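Colleague: I would like to learn how to read the features of a model like this one. Could we go through them in turn?

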Amino acid sequence: MESVHATHGCCGGEASAHKMAASHGCCHGPSRHFITKAERKEALEQYRDQLQKELTGVEEHLQELT
């Protein structure tokens, strides 16, 4: 199991993978101290998807500038 040291992005923007993997407790305090491997995997997959969307947005913006 992974330790939860950070918070989910509920209080402002997307964050790093470890923040994505944390509980929904940033405004309310963490609800748990450890997450399962399945939860960690799901959080990392969500983070990967956000990074892919960010890259697409950057590429679109670059196209607009040229």
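Modeller: Start with Lys 41 and Glu 45, which both lie in helix H2, four residues apart, about one turn of the helix. Their side chains meet in a salt bridge, at 3.0 Å from N to O. Bear in mind that this is a predicted model.

Colleague: Are Lys 41 and Glu 45 buried, partly exposed or exposed?

Modeller: A residue counts as exposed over 50% relative accessible area and as buried under 20%. Lys 41 has 52%, so it is exposed. Glu 45, at 29%, is partly exposed.

Colleague: How many salt bridges does the structure hold?

Modeller: It holds three. Besides the pair in H2 just described, Arg 32 and Glu 39 meet through their side chains at 2.8 Å, N to O. Asp 49 and Arg 48 form another, at 3.5 Å, N to O. The cut-off for the nitrogen to carboxyl oxygen distance is 4 Å, so the Asp 49 and Arg 48 pair qualifies.

Colleague: What is the accessibility of the residues in those other two pairs?

Modeller: Arg 32 has a relative accessible area of 36% and is partly exposed. Its partner Glu 39 is partly exposed as well, with 27%. For Asp 49 the value is 32%, again partly exposed. Arg 48 is partly exposed at 43%.

Colleague: Which residues make a nonpolar surface patch?

Modeller: A patch is read from side chains that are accessible and lie within a set distance of each other, 5 Å for nonpolar ones. Here Leu 55, Val 58, Leu 62 and Leu 65 make a patch of about 390 Å². Leu 62 lies in helix H2, which covers residues 37–65.

Colleague: What is the accessible surface of the whole chain, and how much of it belongs to carbon and sulfur atoms?

Modeller: The total is about 5100 Å², with 54% belonging to carbon and sulfur atoms. Of the 66 residues in the protein chain, 17% are buried.

Colleague: In what order do the secondary structure elements run?

Modeller: The chain has two helices and two strands. Read from the N terminus on, the order is β-α-β-α.

Colleague: What share of the contacts joins residues at least 24 apart?

Modeller: Contacts between residues at least 6 apart in sequence are the base for that figure, and 39% of them join residues at least 24 apart.

Colleague: Where is confidence lowest, and where is it highest?

Modeller: Read the chain average, then the elements. The mean pLDDT of the protein chain is 76, and 55% of its residues reach 70 or more. Strand S1, residues 2–3, has the lowest confidence, with a mean of 52. Helix H2 has the highest, at 97, and that is the helix where Lys 41 and Glu 45 lie.

Key. Residues numbered from 1 in each chain as written. Predicted model: local features only at pLDDT ≥ 70, side-chain atom pairs only at ≥ 80, totals over all residues. Heavy atoms only, no water. Buried < 20%, exposed > 50% of the residue type's maximum accessible area, 1.4 Å probe, protein only. Contact = heavy atoms within 4.5 Å. Areas by Shrake-Rupley, 256 points an atom, 1.4 Å probe, with all protein chains shown as cover. Patch = residues over 30% accessible without salt bridge, like charges linked within 9 Å, V, L, I, M, F, W, Y side chains within 5 Å. pLDDT = per-residue confidence, 0-100.
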